[in-house]
Amino acid sequence: LERYRNTFANLSLPCVVASEPGSVSHTSVETTLGTTLRWSLWDQIVIDGRPAMTLEQFLENFAATQGLEVSMLSHGHSLIYAEFLNKQKMKERMSVPL
C-alpha cells in the first residue's frame, strides 16, 4: 500500500491534493461450523450453482458449507429472499429454481 499514491489537481482553483490509500477494514464472525470467517468489502463467496438448484436448496447448501444463515438475498435490484418478507410469498419462492 505504501507504493500507491493519488494526486488531484483542480485547475479552476489553486488546489493540489495528494493522498495515500488506507487499508481495508475486515469483519469477523464465528460460524456454526466452529470456524472464524473473516471478510472485507472486496471478498466474495463462490457457490456451486447447479442449474436446477432451488432457493431452498441454496439456503441449505449455504448453511452447510459456510456455517452461516442467510438473512437476505438479492440479485441486482430484486430482493429474492428476506426474513422480514411475507411468509406466504417466501414459501412460494422456495421451490423456484435460481
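In the predicted model, Ala9 has Val16 of strand 2 as its bridge partner. This pair belongs to an antiparallel arrangement in which strand 1 and strand 2, the latter formed by residues 15-19, are held together over 5 bridges. The connection between strand 1 and strand 2 is a hairpin with 4 residues in between. Ahead of strand 1, which covers 6-10, lies the segment that contains Glu2. With a relative accessibility of 64%, Glu2 is classed as exposed, because the threshold for that class is over 50%. Although Glu2 and Glu20 are 18 residues apart along the chain, a distance of 7.5 Å separates their C-alpha atoms.

The loop that leads from strand 2 to strand 3 includes Pro21. Its relative accessibility of 39% places Pro21 in the partly exposed class, since that class lies between the 20% limit for buried residues and the 50% limit for exposed ones. For Pro21 and Thr7, which are 14 residues apart in the chain, the C-alpha separation is 11 Å.

A second antiparallel pairing is formed by strand 3 (residues 26-30) and strand 4 (residues 36-40), with 5 bridges between them. Within this pairing, Thr36 of strand 4 is the residue opposite Glu30. The hairpin that links strand 3 and strand 4 has 5 residues between the strands, and Gly34 adopts a positive phi near 85° there. In a regular strand, side chains point alternately to one face of the sheet and to the other.

Beyond strand 4, two buried residues were examined in terms of their contacts. Thr54 is located in the loop between strand 4 and helix 1. The relative accessibility of Thr54 is 15%, and Thr54 therefore counts as buried, the cut-off being under 20%. When residues up to four places away in sequence are set aside, Thr54 is in contact with Met94, Ser95, Val96, Pro97 and Leu98. Asn61 is part of helix 1, which comprises residues 55-66. At 18% relative accessibility, Asn61 is likewise assigned to the buried class. With residues up to four places away in sequence again excluded, the contacts of Asn61 are Ile47, Asp48, Arg50 and Met53.

At the level of the whole chain, 2 helices and 6 strands are present. Their order along the sequence is β-β-β-β-α-β-β-α. The radius of gyration is 21 Å, whereas the globule rule gives 13 Å for 98 residues; the computed value is well over the latter, so the protein chain is more spread out than a compact globule. Along the principal axes, the C-alpha atoms occupy a box of roughly 60 × 35 × 25 Å.

Burial and contact statistics were also computed for the chain. Of its 98 residues, 16% are classed as buried. Among contacts with a separation of 6 or more, 27% involve residues 24 or more positions apart. The exposed area of the protein chain is about 8,200 Å², of which carbon and sulfur atoms contribute 56%. The chain carries 8 positive and 10 negative charges, and the mean positions of these two sets lie 5 Å apart.

Key: Residues numbered from 1 in each chain as written. Predicted model: local features only at pLDDT ≥ 70, side-chain atom pairs only at ≥ 80, totals over all residues. Heavy atoms only, no water. Rg over C-alpha atoms; globule rule 2.2 N^0.38 Å. Buried < 20%, exposed > 50% of the residue type's maximum accessible area, 1.4 Å probe, protein only. Contact = heavy atoms within 4.5 Å. Areas by Shrake-Rupley, 256 points an atom, 1.4 Å probe, with all protein chains shown as cover. Lys, Arg positive; Asp, Glu negative; His and termini not counted. Charge placed at Lys NZ, Arg CZ, Asp CG, Glu CD. Pairing = 2+ DSSP bridges.
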